[in-house]
Structure formats: structure tokens, C-alpha cells
Amino acid sequence: MEKSMSTLSAREAFEKLEKVGEGTYGKVYRAIDKSTGKIVALKKTRLHEDEEGVPPTTLREVSILRMLSRDPHVVRLMDVKQGQNKEGKMVLYLVFEYMHTDLKKFIRSFRQTGENIPASTVKSLMYQLCKGVAFCHGHGILHR
Ligand SMILES: Nc1ncnc2c1ncn2[C@@H]1O[C@H](COP(=O)(O)OP(=O)(O)OP(=O)(O)O)[C@@H](O)[C@H]1O
């Protein structure tokens, strides 16, 4: 990530294509980065209404994500953008590399067809998973 907060707003920089999911912190969208034409995942993070500016917990999370993004087995946080919701309240967009699938969807696709996941694929996925988790643990971060 070149800058922690870029000058363009999320609306200027990205075109949202569709909602792809929702987590604890907010909605996730598939979007196009207008400057590069690349597909990214935009994670909209709600900020508490009573907070002025970005809360320290959010800043800490962004800084942890930036650090973890150095590992190739962790989804990369590319940028952070500021935006406004319909009520004019500030929201943060975390810009991640877009992942076409995840482990849950991948396992489910095999369950639906009744096929077994090949042992070599399980081995490779477990290796990548352990490497990512080991990187987090090596930096004092525990994934809950
Ligand atoms: N980088 C990404 N690329 C593509 N889809 C993503 C990406 N990140 C998240 N998603 C989609 O959005 C959904 C919600 O993701 P998110 O990380 O916000 O929540 P979560 O995985 O439930 O974790 P948490 O509980 O920590 O919020 C995921 O299940 C996935 O479908």
C-alpha cells in the first residue's frame, strides 16, 4: 500500500458492481478500480455514530491488516478510502485484492456434486492455510 489514506474518495475511485457478502463489520462489494480497470473487493466498515474521525480500534485493525498483507498467504489489503453513506456519515472502505472463491465455497462445490476433494489439493490448501496462520501467529496475531 503506497499511502494509508488516498486523496480520492471511494465514489471517485471505484465503481461498485455488486454486493458479494457481509461480515461482522459491514458489506463487501465487488468493484472496479477506475484508475487501473482492476477488480477489487471493497469492504465497507461502519464507524460508530458517536465517534469523531476514525476510531483507534479501526486504525489498529488497518495497521495489522497492512502488516499481514506482506505474506502471500494472507488476502492483501491494497488501500483504504474514505466515503460517505446515504445519511452523510463517514464510512471507511478497505480495498482488498478480489478473491474469486473461498475455502467454504470451494468445499461446498465438492459436497454438491458428491465428489471428494483430491488429496493433493487438500494438502496444498492446508499448507497455504498453515503458512498464513503461522505468519499471523509469528507477528502476535491470533485469528479467532
Ligand atoms: N477479498 C475478497 N474477495 C472476494 N470476496 C470477499 C473478500 N473479502 C470478503 N469477501 C466476501 O464477503 C464475505 C464477508 O467477508 P468478511 O471478511 O467481511 O466477513 P467474514 O469472513 O465473515 O469475517 P468477519 O467475521 O471477521 O467479518 C465473505 O464471506 C466473502 O464472501
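Select cysteine 130 first: this residue counts as partly exposed because its relative accessibility is 46%, which lies between the 20% limit for buried and the 50% limit for exposed. The model on screen is a predicted one.

**Around cysteine 130**

Extend the selection to residues 119–138, and helix 4 appears, with cysteine 130 placed in it. Next, add histidine 73 and draw a line between the two C-alpha atoms. Histidine 73 and cysteine 130 stand 57 residues apart in the sequence, and their C-alpha atoms are 8.9 Å apart in space.

**The whole chain**

Now zoom out and colour the protein chain by secondary structure. Four helices and five strands should be visible. Followed from the N terminus, their order is α-β-β-β-α-β-β-α-α. Along the principal axes, the C-alpha atoms fill a box of roughly 50 × 35 × 30 Å.

A surface display may be switched on at this point. The accessible surface of the protein chain is about 10400 Å², and carbon and sulfur atoms contribute 53% of it. Of the 144 residues in the chain, 29% count as buried. As for contacts with a separation of 6 or more, 44% of them in the protein chain are between residues 24 or more positions apart.

**Strands 2, 3 and 5**

Hide the surface and select residues 26–33, which form strand 2; this strand pairs with strand 3 in the antiparallel sense over five bridges. One position to display here is tyrosine 29, whose bridge partner in strand 3 is leucine 42. Strands 2 and 3 make up a hairpin with five residues between them, and in the turn glycine 37 has a positive phi of about 80°.

Keep strand 3 in view and add residues 90–97. These residues are strand 5, which runs antiparallel to strand 3 and is joined to it by seven bridges. Leucine 42 appears again here, with valine 95 as its bridge partner in strand 5. Leucine 42 therefore has a bridge partner in strand 2, tyrosine 29, as well as one in strand 5, valine 95, under the bridge-based rule for pairing strands.

**Lysine 43**

Select lysine 43, a residue of strand 3, which covers residues 39–46. An unreviewed UniProt entry annotates Lys43 as "binding site". Is lysine 43 buried, exposed or partly exposed? Its relative accessibility is 30%, so lysine 43 counts as partly exposed. Show the residues in contact with lysine 43: beyond its neighbours within four places in sequence, these are Lys27, Val28, Leu92, Tyr93, Leu94 and Phe96.

**The ligand**

Centre the view on the ligand and display its surroundings. Which of the 16 residues around the ligand come nearest? They are Gly23, Thr24, Lys43, Glu97 and Met99.

Three distances may be drawn here:

- From threonine 24, a polar side-chain atom lies 2.6 Å from an oxygen atom of the ligand.
- From lysine 43, an N or O atom of the side chain is 2.9 Å from an oxygen atom of the ligand.
- From methionine 99, a polar backbone atom is 2.9 Å from a nitrogen atom of the ligand.

The protein buries 67% of the 610 Å² that the ligand exposes when taken alone.

**Helix 3**

The last stop is helix 3, residues 103–113, whose N-terminal end is capped by aspartate 102. To see the cap, display the side-chain oxygen of aspartate 102 that lies 3.2 Å from the backbone nitrogen of lysine 104. Then move to glycine 114, which follows helix 3 and has a positive phi near 80°.

Conventions:
Residues are numbered from 1 along each chain as its sequence is written. This is a predicted model: local features need pLDDT of at least 70, side-chain atom pairs count only at pLDDT 80 or more; totals for chains, interfaces and linings use all residues. Side-chain values use heavy atoms; hydrogens and water are left out. UniProt positions are given in the numbering used here, feature names are shortened, and annotations may be inferred rather than shown by experiment. Helices (H or I, at least four residues) and strands (E, at least two) are DSSP runs, numbered from the N terminus. Buried means under 20% relative accessible area, exposed over 50%, partly exposed in between (1.4 Å probe, protein chains only). Contact means heavy atoms within 4.5 Å. A residue is near a molecule or strand if one of its heavy atoms lies within 4 Å of it. A polar contact is a pair of N or O atoms within 3.5 Å; within protein, one must be able to donate a hydrogen and the other to accept it, and residues adjacent in sequence count only if both atoms are side-chain atoms. Accessible areas come from the Shrake-Rupley method with a 1.4 Å probe; for residues, only the protein chains shown count as cover. Two strands pair if DSSP finds at least two bridges between them.
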